[in-house]
Amino acid sequence: MFTFLWKFTGYSKYLRTIGTGFKPVLDAEKIVKMMSYPRGVEGPPMRRSYHDDYNYETHGGAMQQPYMPGRWQQGPLPPAMNADVDVPVDANCGELRASDRGTVVHMTGRVQYQRLNRFICLRDSHGTTQLVALEERMDLIKRIRNIPLDSHVEIIGTVDKRPANTVNITMPTGEIEVVINKILDVAAPKRKLYELSGEEVAIRTGKRARSSVLITSGEIAHCGTEAVRKRFLQRTHNCGELNESKVNMDVALCGWIENKRNDRFVILRDGYGAAQLVINPLDFEVSRLLQTAERNTLLTVKGRVSMRPSHQRNTRMATGHIEVKVSSVEIIDPNEPVEEDRNDRENIAMEFQEPQSGLPPGDVNSYCERTHTCGQLRGSDAGQDVVLCGWLGSQRTNRFATIRDGHGTTQLLVPSSLEATLGKKLGQTTLESVIKVTGTVCARPPDQVTEKLATGEIEVVLKELTVLNPAKKNMPFTVREHNRPKEPLRMKYRYIDLRFSDMQFRLRLRSRVLMKMREFLINHRGFTEVETPTLFRRTPG
């Protein structure tokens, strides 16, 4: 029983509670043996922390409960644990302190971030610890440079104090750092090796798969002419989606040269990512063509996806495990028209056709300056020049804005080249102003796609912005679905209240119902509609 109290309350608390008369009951040799519990035959201790020794002694296994600071006694290590300082002891990322300086430790954890190619913040369930590679250890620095974030790393290192000007008082381990002696293993973060096809996505989620050949805003910047834009739309895959599941697949890519190396390796980039191209040295025509090409040259490439050799894999790239063996290359001439295969384009359009907004055909007619409504554009419209009209819903950083009408919302993007002029004009425009915009539909980056909006996979890159009717700076209330004013204020400013999406829907529904009633009574029952002013009540407001 006394041994049980010892393990759960600590020696000091036990003495204060029971008294000093029970000291002989405690077996000091057994306690030291617990604290240096071996991992194997003549192996290093499994854990140096006291709470782990308790779990090994009582449960015969790994630590069963998290580390709680202050529960276990702190202080210098017992002599039994310092017998062999060259043998690394297992340590977690939250227990090392300044008193552990000089201890050789064995640590594992996840890379939270890295900086300057020398420093790594290692995290596990107990906390974080800073790892550092010495400047003269170029082998470690080169390896750290290629370690991606969220990788699991196993190292052996020596605990050392940080320089005084780099101490981080916000971290329990902020006074120390672990100097890396050896990197034992690096496990890259798991990637999905298999992507669902469009049919499987439709079966499992009821949604159509997003097209991988939609043109993005980054690609729009490289599309000076319509011919270049059509080249991007004619590709079969983008550079960012290539992975192990595409091995032995023939692909057609379009992008620009980001880097070249040894006249055999070329990094091709598009709006989705980058991929490595490998040129056959015996293919003199392709080799000569790429040798003369400079950076940012637009190319269309055809080839076959293959796995990289294990010693050439780049864990920092999303496509670092594969490469594309080039069979043909063509430099894009912006002034040369592209012959479009109409049948192929119709098939692609049918494959990725999204359901439209269900608007009647007469909604956008010859009396309107707009070509589409704000809720009508989909991924199949990528690459088109459109004109939209509506209310300015929101804006941020003079680059992003939303335009809204009674049918939906569309995101607007100001390109970097027009940020000084068009972005400034957008920033000076008050919210809820009536605007007309002209631009090109492009696909959003994959990590910015939102399923909450019907138009969440596209955005419009602006070319022109016209303010048709500016709004006042101090509006009685803003049109926000999550923060509606009370009904008396809404009734007072009814013309603003009617801009909410549900009110717009009811107005259009009421109009359609009344029209159907009139068509039935007049066309099928012979009624005549007569509007007598005395039969109508005066409209308030």
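A residue counts as buried here when its relative accessible area is under 20%, and as exposed when that value is over 50%. With that cut-off in hand, the model, which is a predicted one, can be read from the overall picture down to single residues. The chain has 541 residues, and 40% of them count as buried. Its secondary structure comes to 14 helices and 16 strands. Among the contacts with a separation of 6 or more, 58% are between residues 24 or more positions apart.

A good place to start is helix H11, which spans residues 419–428. Its buried residues are Leu422, Gly423 and Leu426. Looking down the axis of H11, these residues fall within an arc of 95°, so they line one face of the helix. The other side of H11 is another story: Ala420, Thr421, Lys424 and Gln428 are exposed there. What do the buried residues of H11 pack against? Their partners are strands E12, E13 and E16. The helix as a unit lies across E12 (385–396), E13 (400–405) and E16, and runs at about 60° to E16.

Those three strands also belong to a barrel, which five strands close in the order E12-E13-E14-E16-E15. The pairing around the barrel is mixed, and the twist averages 50° from one strand to the next. One piece of the barrel is the pair made by E15 (residues 434–443) and E16 (residues 458–469), which is antiparallel and has 10 bridges. Within this pair, Ile435 sits opposite Val467 of E16.

Earlier in the chain, strand E7 (residues 250–261) has antiparallel partners of its own. Seven bridges connect E7 with E10, and in this pairing Asp250 faces Arg304 of E10. E7 is also joined to strand E8 (residues 265–269), again in the antiparallel sense, by five bridges. Here Arg261 is found opposite Phe265 of E8. E7 and E8 make a hairpin with three residues between them, and one residue in the turn, Asn262, has a positive phi of about 60°.

Strand E10 (298–307) leads on to a loop that ends at strand E11 (322–331), and Thr319 has its place in that loop. Is Thr319 buried or exposed? Its relative accessible area is just 2%, under the 20% cut-off, so Thr319 is buried. Which residues does Thr319 touch, leaving out those up to four places away in sequence? The list is Cys239, Gly240, Leu242, Ala274, Ala275 and Arg308. With Ala274 there is a polar contact as well: a polar atom of the Thr319 side chain lies 2.5 Å from the backbone oxygen of Ala274.

That leaves the cysteines. How many disulfides does a search of the whole structure find? The count is zero. Cys389 makes a handy example, since its nearest cysteine sulfur, that of Cys374, is 8.0 Å away. A disulfide calls for two cysteine sulfur atoms within 2.5 Å, so Cys389 is in no disulfide. Cys389 has 17% relative accessibility, which is under 20% and therefore counts as buried. Cys254 is buried too, at 1% relative accessibility.

Methods. Residues are numbered from 1 along each chain as its sequence is written. This is a predicted model: local features need pLDDT of at least 70, side-chain atom pairs count only at pLDDT 80 or more; totals for chains, interfaces and linings use all residues. Side-chain values use heavy atoms; hydrogens and water are left out. Two strands pair if DSSP finds at least two bridges between them. Helices (H or I, at least four residues) and strands (E, at least two) are DSSP runs, numbered from the N terminus. Axes are lines fitted to C-alpha atoms, for helices over the stretch in contact, and angles run from 0 to 180 degrees between N-to-C directions. Contact means heavy atoms within 4.5 Å. Buried means under 20% relative accessible area, exposed over 50%, partly exposed in between (1.4 Å probe, protein chains only). A polar contact is a pair of N or O atoms within 3.5 Å; within protein, one must be able to donate a hydrogen and the other to accept it, and residues adjacent in sequence count only if both atoms are side-chain atoms. The arc is that of the directions from the helix axis to the C-beta atoms.
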